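Work through the exercises below with the model open beside you. Try each task before you read its solution.

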Amino acid sequence: MDPLEEHLLGLTRRRFFRVAAGSIAAGLGACALTSLGAGPVLSRPGPHFAPRAKRVIYLHMEGAPSQIDLFDYKPGLRRRFNQELPDSIRRGQRLTTMTSGQDRFPVAPSIFRFTKYRNNQDGAWVSELMPHTGSVAHELCIIRSMHTDAINHEPGITFFQTGNQQPGRPSFGSWMSYGLGSANANLPTFVVLITQGTGNMQALSARFWGSGFLPGEHQGVRLRSGPNTVLYLNNPEGMSREDRRRVLDAAARINEEEHSRTLDPAIRARIAQSEMAYRMQMSVPELTDFSDEDEQTLAMYGPEVRKPGSFAANCLLARRLAERGVRFIQLYMRGWDQHGNLPGEMRAQSLAVDQPQAALIRDLRRRGLLEDTLVLWAGEFGRTVYSQGTLTAENYGRDHHPRCFTLFMAGGGVKPGIVYGATDDYSYNIVEDPVSVHDLHATLLHLLGFDHERLTYFHQGRDYRLTDVFGRVVRPILA
Amino acid sequence: MNPWLEVAGRFHVVVLHLPIGMMAGLALVEFWAALQRVERAPALLRVFAVLTAVAALVTAGSGYLLGQDRPESSTLTLHFWLGLAVAALAVLTAILSFAGGHWRRRLALLAMLAVLVPASHFGGTMTHGENFLFEPLSARSAEAEGERGTYEARIVPILSTHCYSCHGATRSRGGLSLHTAEDLWKGGKSGAVIVAGDPGASELIRRLRLPLEHDEHMPPKERRQPTEEQILEIEAWIAAGARVDRSASPTEAPRRVGEREPAGDGAVVRPDGAAVAALRERLVHVEEVEPGLLAVDFAAVARDMGDDEVLPLLAKVAEHIGSLSLARTRITDTAMAAAAEMGRLRHLDVRGTAVTSAGVSALAGHGQLRTLILARTKLDDSAAESLARMANLERVYLWESGVTAAGVAELSRLRPGLLIDVGEDVGGELEREGEVRLSSDAPPPEGERGAAALTPVNSLCPVSGAAVDPRFAVVHAGKVVGFCCPNCPREFWADPAKFAEKLEPTR
């Protein structure tokens, strides 16, 4: 049907029902409502069972860090330097066009030294690039057997955030906001913080934290670095808070009128967001002011913590957001796309994230917050064992690799101090316990108290889920 | 008022049934007439319509009289006007049955019936009380999923499909039957199969989760197995207290202490709605984690909250609080004394407050508390003794709480199993790799045919038909396929089957 016609029909239909309800059934309807609504009425769908995690801090390493140079320890490769990647390993898998034309696929072992750190099993190997992260291995659940469908950044990140490679679906944080609602009416439920990396960067679209077809108030709110954390949040010169209040009230009245005329849900979202912004005028300055942090804590996050927008500052901000009850805090660290000059770029990238992310886990832990906060560290896919471009003893690059990669989680009902899954000797194929992105989503939702098959939203004639028609809960990693 | 008039008024509750029945009858006659497509309104209908109008007027009149000695209320007002409307429409229907067409009359009748429903409902509300009609409904919805509904709707179907054939009404192998709630609780020869609230300790789940080959795995491996989702469903049901139908539930059903309110008749006492609203009004986060059990978190407004505001807000919902976070608020030991009164409190977070050992000692007798977060408080070592006395305490956070290493040692001596977190690292290195040396001397992996295997099986590119350049080869279905350029493989991968034919005839 013509959308305009449908819209008009919707209008008259609703108006009819409203008028009818007003005259005839007002009594019965109102009565039924009052007698049913005895308890607190909750307008959100979940949770389905007692949650293990109340909030999520998701550290997304944008560009896909190399699992071979960080967590997937393959000492055997050191004796296969510059050998051809065997067919029996590659099995004709499609490659990106960046390397599909290469003459050779020479094996590039990691040149970084690995150290085995204490965990709750027989230890976890972590490379010299992340010594601080290694030292909290007893808190981490490292999954080495992740795999994804996408082979390029945009679809890869979109898939990781929304469960679908095509844009347009709600992101994970939006689903969580929709499912659990806010725990702090002074701040957004879903906050995004971005750090510019030093390595090769890829585009970062705001739709990664979009709410898709879910109502607009569930979309992620990006906090900027620097003095203007939220643009235009402060009142302009000469406008008092009382004046602002009056303006908002007047605007809300007009918006309500418009809403009753057009029934556009976006208007409701707009009213709610204006109110949120008004409250954030008070809550955000308090949030971003680190002056109440003691020296010892600041030192733990590393020397960059006082530089707004650095990964260290964002990690500390993430802890402060978690403390204030924000449900979903997503940090993007850009610059992990090492097609060339991998050793040099990864050193700089790792230096920026290692100490802060370990500090975040320690800090949450000692404050008793790690119990119900789930920390997730992940890129969108892995990187190839063979070198892209020239391979030397000091330098190499790696192409995109969706068949296996490593991520870690901590807290929030996940088994601490374990390593799950395994890859073959080349870190190319998974040989044990594969975990797909849908499985990961299902598991995360499980920890948050949701049956991933029942958290749905009706849109365009059918129910949608984060996990589409896939996903299974990875039970062995649950505490 | 004349007492006789009052008596006449009281007849309202009897007389009112007459017009209601007649209106229904009128509608039936009308319906019949419509079906028969009669030309004019039948006489029977006319008589009926007039009688109905008279009865409606008598009812309205008596109702008016009855209403005189009732206190003013909005329900009464609504009932009065709606009742009057019914009577008026009844008269209109009667008039239209003599004059006017079929459809006007039918419309009036329809309108009368429509108004009749709310009018009678409000009348009923006055005699039977608010919520009389929907009570069973709301009681049911209050039970929520995860309880009664779950057992009947989700658990029974699973058990009946997979278990009843051996553990049911006809057979009970191992002394175990699962087909009634009592039998389910009783267990089999080797004891109970369900521990409410703890799926991990429940024999039922252990058997389901054993590897298929295991002798004790249930159902036996040759039988159809329940799906993972179904097992999860049972686990969730047990974790939520394994509640069954009210009538079938034995009162002595095993229940973990504090897991759920052991109300005798199974009804859940809901927290006071006004008190919850007052908390939310102050932007305190309140969540009903289980029916009647609340999680309360002051995180959003912590800095502005002191004892003077916190305590009155919590007073009315105290017995419903299962989890409370007062972290970073300005509370003192007084609030700890208030927390001690919360009988179902399992999780308490007072991190970053001015709470002292005196406050902790107020909580000493608390039997339900599982987790206590005391990081960054103003305690001293005397808190150890109070903490040791909390019977069910499982985990305590003492980072920068003022409790010294000696205090921690004392606490772990008094309570050996207690998890005490003082913010210290337990990590460390186990093994460090030596210098990285790169070489190429490792033999190719088992079964690998070496670089020669990369020679394409075809001499012409399957996509373009041009000569193959061995640099552009892919492996497909165990064969190395050569192409003329780096672009052709992409087309090939889009649908390899399409090119299968072209690969065959070469060689």
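The exercises that follow cover salt bridges, a surface patch, a pocket, a cavity and two chain contacts in a predicted model.

**Exercise 1. A bridge across the sequence**

Task: Find the salt bridge between E139(A) and R365(A), and state which parts of chain A the pair ties together.

Solution:
- Start with the principle. Side chains of opposite charge can pair when their charged atoms come close.
- Check the distance. From N to O, the side chains of E139(A) and R365(A) are 3.1 Å apart. The cut-off is 4 Å, so the pair counts as a salt bridge.
- Place each residue. E139(A) sits in the loop between helix 3 (131–135) and strand 4 (140–147) of chain A, while R365(A) belongs to helix 10 (residues 342–366) of chain A.
- Draw the conclusion. The two residues are 226 residues apart in sequence, so their bridge ties together distant parts of the sequence.
- Add the surroundings. E139(A) has 9% relative accessibility and counts as buried. R365(A) has 28% and counts as partly exposed.
- Set the pair in context. Over all chains, the whole structure has 55 salt bridges.

**Exercise 2. Bridges within a helix**

Task: Describe the salt bridges R319(A)–E323(A) and E203(B)–R207(B), and say how each pair is spaced in its helix.

Solution:
- Take chain A. R319(A) and E323(A) form a salt bridge at 3.1 Å, N to O.
- Look at the spacing. Both lie in helix 9 (residues 311–323) of chain A, and because they are 4 residues apart, about one helical turn separates them.
- Check the burial. R319(A) is buried at 2% relative accessible area. E323(A) is buried as well, at 8%.
- Turn to chain B. The closest N and O atoms of E203(B) and R207(B) are 2.9 Å apart.
- Look at the spacing again. This pair lies in helix 10 (residues 203–209) of chain B, 4 residues apart, or about one turn of the helix.
- Check R207(B). Its relative accessibility is 22%, so R207(B) counts as partly exposed.

**Exercise 3. A nonpolar surface patch**

Task: Which residues make the nonpolar surface patch of about 530 Å², and where does F11(B) lie?

Solution:
- List the members. They are W4(B), V7(B), F11(B), V13(B) and V14(B).
- Assign the elements. Helix 1 (3–10) and helix 2 (12–15) of chain B each give at least two residues to the patch.
- Place F11(B). This residue is in the loop between helix 1 and helix 2.
- Judge its exposure. F11(B) has 48% relative accessibility; exposed would need over 50%, so F11(B) counts as partly exposed.

**Exercise 4. The second largest pocket**

Task: Describe the lining of the second largest pocket by element and by class.

Solution:
- Begin with the volume, which is about 1,400 Å³.
- Count the lining. It has 45 residues, and S182(A), T189(A), E217(A), Q273(A) and M276(A) lie nearest the centre.
- Name the elements. Helix 5 (172–180), strand 6 (221–223) and helix 7 (265–288) of chain A each supply at least two residues, as does strand 1 (285–290) of chain B.
- Pick out the main supplier. Helix 7 of chain A gives the largest share, 8 residues.
- Sort by class. The lining has 23 nonpolar, 15 polar and 7 charged residues.

**Exercise 5. The largest cavity**

Task: What lines the largest cavity, and how do its residues divide by class?

Solution:
- Count first. There are 5 cavities of 30 Å³ or more.
- Give the volume. The largest cavity has about 160 Å³.
- Find the centre. Of the 21 lining residues, R55(A), L369(A), D297(B), S325(B) and D349(B) are the closest to it.
- Name the elements. Helix 9 of chain A gives two or more residues, and so do strand 2 (293–297), strand 3 (321–325) and strand 4 (347–349) of chain B.
- Sort by class. The lining divides into 8 nonpolar, 5 polar and 8 charged residues.

**Exercise 6. Two C-alpha distances in chain B**

Task: Locate E288(B) and L393(B), then give a C-alpha distance for each.

Solution:
- Place E288(B). It is in strand 1 of chain B, and at 17% relative accessible area it is buried.
- Give its distance. The C-alpha atoms of E288(B) and P271(B) are 9.2 Å apart, with their positions 17 residues apart along the chain.
- Place L393(B). It is in the loop between helix 16 (383–388) and strand 6 (395–397) of chain B, and at 3% relative accessibility it counts as buried.
- Give its distance. L393(B) and T371(B) are 22 residues apart along the chain, and their C-alpha atoms are separated by 6.2 Å.

Terms used
Residues numbered from 1 in each chain as written. Chains lettered and ligands numbered in written order. Predicted model: local features only at pLDDT ≥ 70, side-chain atom pairs only at ≥ 80, totals over all residues. Heavy atoms only, no water. Patch = residues over 30% accessible without salt bridge, like charges linked within 9 Å, V, L, I, M, F, W, Y side chains within 5 Å. Areas by Shrake-Rupley, 256 points an atom, 1.4 Å probe, with all protein chains shown as cover. Buried < 20%, exposed > 50% of the residue type's maximum accessible area, 1.4 Å probe, protein only. 1 Å grid on protein atoms, 1.4 Å probe; cavity = no way out; pocket = protein on both sides within 12 Å on 5 of 7 lines; lining within 4 Å. Points joined across faces, edges and corners; volume = space filled by probe spheres on them. Nonpolar A, V, L, I, M, F, W, Y, C, P; charged D, E, K, R; others polar.
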